[in-house]
Amino acid sequence: MTSIDLDKVLDKAWADKSLPEILAAPVSALKGVSDRDGELLQEAFGVKTVSDLAGLKYVRWAQALATLDTSAQ
């Protein structure tokens, strides 16, 4: 099972929200992602929400490659 410290990954305004609310939130709900970053992600990849970002095939591919690299060590 995976766990995550929400205070470390979410903007303070989103830290007390439910998981469904967070997944439906704009990507700017993630700590360090600005509204402009969100606009650029939408323009480039059609990403509007945290869930969209998580499901983006390029993100999944990058995660798989990183996992392969970690398991090779």
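User: What makes Tyr58 partly exposed?

Analyst: This is a predicted model, and in it Tyr58 has a relative accessible area of 41%. Buried would need under 20% and exposed over 50%, so 41% puts Tyr58 in between, as partly exposed.

User: Which helix holds Tyr58?

Analyst: Tyr58 is found in helix H5, a helix that covers residues 57–71.

User: Why is the contact between Phe45 and Tyr58 called a tilted aromatic pair?

Analyst: Start with the count: two aromatic pairs turn up under the ring rule. In the one made by Phe45 and Tyr58, the centres are 5.5 Å apart and the planes make an angle of 50 degrees. Ring centres must lie within 6.5 Å, and 5.5 Å passes, so it is a pair. Stacked needs planes under 30 degrees apart and edge-to-face over 60, so 50 degrees leaves tilted.

User: How do you know that this pair links distant parts of the chain?

Analyst: Phe45 belongs to helix H3 (residues 35–45) and Tyr58 to helix H5, with their positions 13 residues apart in sequence.

User: And what makes Phe45 partly exposed?

Analyst: Its relative accessible area is 43%. That is not under 20% and not over 50%, so Phe45 lands in the partly exposed class.

User: Why is the pair of Tyr58 and Trp61 called edge-to-face?

Analyst: The planes of Tyr58 and Trp61 stand at 90 degrees, with 5.2 Å from centre to centre. Since 5.2 Å is within 6.5 Å and 90 degrees is over 60, the pair is edge-to-face.

User: Where do Tyr58 and Trp61 lie?

Analyst: Both are in helix H5, three residues apart, or about one turn of the helix. Trp61 comes out at 48% relative accessibility. The exposed class asks for over 50%, so 48% keeps Trp61 partly exposed.

User: What links Phe45, Tyr58 and Trp61 into a cluster?

Analyst: Ring pairs do. Phe45 pairs with Tyr58, and Tyr58 pairs with Trp61.

User: What kind of patch do Phe45, Tyr58 and Trp61 form on the surface?

Analyst: A nonpolar one, with about 350 Å² of accessible area together. A patch residue needs over 30% relative accessible area. Phe45 has 43%, Tyr58 has 41% and Trp61 has 48%, so each of these clears that cut-off.

User: How do you know that Glu39 and Arg36 meet in a salt bridge?

Analyst: Their side chains come to 3.1 Å, N to O. The limit is within 4 Å, so the contact qualifies. Glu39 and Arg36 both sit in helix H3, three residues apart, about one turn of the helix.

User: And what makes the contact of Arg36 and Glu43 a salt bridge?

Analyst: Here the N to O distance is 3.7 Å, and within 4 Å is what the term asks for, so this counts too. The tally of salt bridges is two. Bridges that share partners join Arg36, Glu39 and Glu43 into one network.

User: Which of the words buried, partly exposed or exposed fits Glu43?

Analyst: Exposed: Glu43 has a relative accessible area of 60%, and the class starts at over 50%, so the word fits. Arg36, at 43%, is partly exposed, and so is Glu39, at 41%.

User: Where does the charged end of Lys17 sit?

Analyst: Over the ring of Trp14, 6.0 Å from its centre.

User: How many helices and strands does the protein have?

Analyst: Five helices and zero strands. Read from the N terminus, the elements go α-α-α-α-α. The C-alpha trace spans about 40 × 30 × 20 Å along its principal axes.

User: How much of the protein counts as buried?

Analyst: 18% of its 73 residues. The protein exposes about 5600 Å², and carbon and sulfur atoms supply 57% of that.

User: What makes Ala64 partly exposed?

Analyst: Ala64 has 41% relative accessibility, which falls between 20% and 50%, so partly exposed is the right class. Ala64 has its place in helix H5. From Ala64 to Leu41 the separation is 23 residues in sequence and 21 Å in space, C-alpha to C-alpha.

Conventions
Residues numbered from 1 in each chain as written. Predicted model: local features only at pLDDT ≥ 70, side-chain atom pairs only at ≥ 80, totals over all residues. Heavy atoms only, no water. Phe/Tyr/Trp six-rings, centres within 6.5 Å; stacked < 30°, edge-to-face > 60°. Helix = DSSP H or I, 4+ residues; strand = E, 2+ residues; numbered from the N terminus. Buried < 20%, exposed > 50% of the residue type's maximum accessible area, 1.4 Å probe, protein only. Lys NZ or Arg CZ within 6 Å of the ring centre and 35° of its normal. Patch = residues over 30% accessible without salt bridge, like charges linked within 9 Å, V, L, I, M, F, W, Y side chains within 5 Å. Areas by Shrake-Rupley, 256 points an atom, 1.4 Å probe, with all protein chains shown as cover.
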